[in-house]
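Q: I'm new to this structure and would love a close look at a single part of it. Could you pick one, walk me around it, and then show me what else the chain contains?

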Amino acid sequence: MSIPMMPLSVPTTDPTALGCRSLFRVQNQPDFTDLVHQQLYAWCKDDRKRWDADQITGPGVYEVADGVTASLVRDERQDGSIIERYRFHQDEGQGIWITHLTTFADRNHNGWVWTDVFQPTGRGSARVPRLAKNILEVVDGLDGRHPLTARPVRAGTDDLEEIVAALTDDQRRGFLFLAGANDAADIPQSEWARYVDKLLVGTAGLASAYVLDSAATRELNAQLPESHRVTPWTIRTFHPNPEFTDPQDSIRHRVLSTARIIDDNANRLRNRLAESSCRHSTTIALPRELVRIDRVLRGLLDELIVDETLDVAAAASEAILESAPLHSGDREQLLEPVDALPPTDPTVPATIWQTLTRVVSTVTGAKDVTIDAVNHLGKLATEALSLRPQVADLSRLRDRLRSVQTERNDLEDLNTELNQRLTDSRDEFAVFRIDLADAQAEVRRLARELAKLDRGDVDWNLPDKPIDTPPISFEDLIDRFGEFDHVVFTGDEKPALDLDDHDSADWAIATWGYLRVLDEYCAERSDGTYDRAIADYIRSRQKGHATIPPGIHAPDETAQTYNNTKFRRQRQFKVPPEVDADGYAYMGEHIKIAKYGTVSPRMHILNRASDHGKIYVGYIGRHLVNFRTN
C-alpha cells in the first residue's frame, strides 16, 4: 500500500527582491497592535482582494485565496515584548509577490510597525501598500524622533521649529519633502497644497512632507545656507543627515523645479517621486534591533514549515492506522477473537505473550492475537519503516535551514555595508565631478588668456558662466538644454528622466561635459574653422577645452546591429522636418555615458553641423537592445 503524502501549503521560492519598505516607530500607544490587526483584516477583505483572513486564527500556514498563502509567526519573549509577522505569498500568474507585516511591541507600549513588499526579480515596480498608509491613519508613527506624516502637512511659521528638528534628526530614515511658496505668484495656498498632495500620494508611509506658506518659506530659508534653501513653488527632497555646512552636499537633495511641475505630466511626476521614495526605503540599513528580530522571525517561519511537514507525515501514519487490513472485510473483523493463538510453546514467557497481546490491541484494535492481527501489525510496521527516511530527511532539512540562515545573515551584513559604501562613493564621485568641472572651466579661461598675453594683461577674475556649472540630474539637464547654441534635444524625456532613478549624479555631470564638447565642435564646424568628423575633433582637442575621453564616442553601431531591422528601427529618433520629411532619422552615432550593468546609459546623436549648424540628440537613456543585451 502506498502512502499518499498531502501537499504542503508552503510558499514557493521563486526569486523576489525587496521593492519597498515602510518602517516607523510607535511610542506610548497601548492599543497600536490591535489597530494594526484591524487594518490588516480590512486590507485582506477589501473589494480588490477578498482574502479569507478569518482563517488566520493563530500561528500557522493558511490558504486564504486561490494562489494566496498566509502565514503567521509570533514570539512572546521573557521581557514581556511580543513580535509577530504576517506573511502573504501571492502567486496569481503575475510572478511571486510577497508582503510582510511585522510588529514589535514592548511592555511599555512602544515598538515598531514594519511593512515589506517583495516583487518578482527583474519585473514589476513595487509601491508602498495601502495597508501601510491605512495604518498611519490610525497609529501615530515616528520617523526618528518626529512624526511620519500620512500626507503633506500645511505649515506656517509656528511649525518651523519642528521642521528644522526633523531636517537635522540623525535618526530620520526617510525623505523629507518641503514645498515652498511666496507672495509674488497669485497661486492660492490651498490649491498648491492640494497639488503637492496629489504628487506625493505615493510616498505616504515612506516619507514626511510639509507645504510651507510664504512666511514659513522665507523664515526657513533665512535659517538655511543658500545651497540648501527651498525655492518657492518647488518641491525639495531632503535625504537623511544633510550637511548644511557643506555647499556640495546640496547635490543629494534634489529639487523638483517649477518648470518641471508645470510642464510635465502629473501622473509621471507622481510615479517618479513614489519610485524614488521606494527605492530609497530599500537602501537604508535596518536598526540592529530589527535585524535581530527579522532573523528570529525568519527562523520561526522555517520551523513552522518543517513542523507542518512533520504534521503531514503524522497524518500519513494515522491514515495507515485507519486503513483496512490486508484481507478483504471491515476493520470490525479484527476486533473479533477469530483463530486466537494460545501460547502453546512453554518456552515463550507469558510476559512476552502479554506484551504482544497489548501491542496488537493498541495498534490494530484487535482484542486477541490472531493471524490476521499479527499480519496487519507487520504491515503497519513495514509502512512505518518506509517513513523513516522521510523523517530523517526532514531532520537534515531543519539543520540545513539553520545553516543557510546563518550564511544569509552574514551575506546580508556584508551587502548592507557594501551598499552604504556604494552610496557614499557615488556622492563623493559626483562632488569630484563638480570640482573637476570647475577646475576645467578655470583652466580653459586661463589657457585662453595666456594665449593672448601679447595683447594685454590677464583678467584673473573668473567670469560667471552658468554653462560651467553642470546639472546634477537628468531632469535638470533636460531643462537646461537651451543653454547650448548648437545642440538640440529632439527625443523623449522619459528614458533620460528614468536614469535619475539610479541616483547617480555623476552620469548627468558627465553627459553635460560631453554636450559641451559637441556644442563647441558644432560651432567650429558651422563657422568653417573645422571641417572634419566628431571623432577627429575629439582626438585633436587642445588643453583648456572640454574633452571626451578615448573610447567614449562611437561613430556608429556595429554592422550586426545596423543590419538588424529590429535593432535599427529602435535607433530611429525624432528630428525636425527640415532634417527629414518623415520626422525621424537613424542615429547610430552615440556617446557611452557610463558602464553600469544592463543600464549602461547612452546618448544617440545625429551630426548635421555642416548642413544646419546643429547636432540633434534623439535619445538619452539606458543602453538600447542589441545582440549582447537581447
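A: Happy to! First, some vocabulary: helices (H or I, at least four residues) and strands (E, at least two) are DSSP runs, numbered from the N terminus. Two things are in contact, or touch, when they have heavy atoms within 4.5 Å. Angles run from 0 to 180 degrees between N-to-C directions of axes, which are lines fitted to C-alpha atoms, for helices over the stretch in contact.

This is a predicted model, in which local features need pLDDT of at least 70 and side-chain atom pairs count only at pLDDT 80 or more, while totals for chains, interfaces and linings use all residues. Residues are numbered from 1 along each chain as its sequence is written, and side-chain values use heavy atoms, with hydrogens and water left out.

The protein chain has 17 helices and 20 strands. Buried residues (under 20% relative accessible area; exposed is over 50%, partly exposed in between, with a 1.4 Å probe and protein chains only) make up 46% of its 630 residues. Of the contacts with a separation of 6 or more, 65% are between residues 24 or more positions apart.

Let's look closely at strand 5 (96-105). This strand is mostly covered, with 9 of its 10 residues buried. Strands count as paired if DSSP finds at least two bridges between them. On strand 4 (residues 82-91), strand 5 has an antiparallel partner, joined to it by 10 bridges. Find Q90 and you will see its bridge partner in strand 5, W97. The two strands form a hairpin with 4 residues between them, and in the turn G93 has a positive phi of about 90°.

Strand 5 also pairs with strand 6, again in the antiparallel sense, over 8 bridges. Here F104 stands opposite W112 of strand 6. The hairpin of strand 5 and strand 6 has 5 residues between the strands, and H109 takes a positive phi near 70°.

Now zoom in on T103, which lies in strand 5. T103 is buried, with a relative accessible area of 4%. Leaving out residues up to four places away in sequence, T103 touches V36, I82, I83, E84 and W112.

Strand 5 is also a cover for a helix. In helix 2 (residues 130-138), the buried residues are L131, A132, I135 and L136. Seen down the helix axis, they fall within an arc of 135° (taken from the directions from the axis to the C-beta atoms), so they line one face of helix 2. A handy rule applies: an α-helix has 3.6 residues a turn, so residues three or four places apart point the same way. What covers the buried residues of helix 2 includes strand 1, helix 1, strand 5 and strand 6 (111-120).

Between strand 1 (16-26) and helix 1 (32-45) is a loop, where you will find Q29. Q29 is buried, with a relative accessible area of 11%. Leaving aside neighbours within four places in sequence, Q29 is in contact with L35, H109, V138, V139 and D140. The last of these offers a backbone nitrogen that lies 3.2 Å from a polar atom of the side chain of Q29.

Further along the chain, an open sheet of 5 strands has the order 9-11-10-12-13, with mixed pairing. Its edge strands, strand 9 (153-155) and strand 13 (255-256), each pair on one side only. Strand 9 pairs with strand 11 (residues 208-212) in the parallel sense over 3 bridges, and A155 has L212 as its bridge partner in strand 11. Helix 5 (residues 214-223) lies across strand 9, strand 10 (176-179) and strand 11, running at about 110° to strand 11.

One last stop is the largest nonpolar core, a core being a set of buried Ala, Val, Leu, Ile, Met, Phe, Trp, Tyr and Cys residues joined through side-chain atoms within 4.5 Å. Of its 36 residues, F481, L515, M603, V617 and I620 touch the most other members. Helix 13 gives the most to this core, with 10 residues. Not counting residues up to four places away in sequence, F481 touches V487, V488, F489, L515, V617 and I620. A second, separate core of 26 residues includes W43, I56, V68 and Y86.

Conventions: A polar contact is a pair of N or O atoms within 3.5 Å; within protein, one must be able to donate a hydrogen and the other to accept it, and residues adjacent in sequence count only if both atoms are side-chain atoms.
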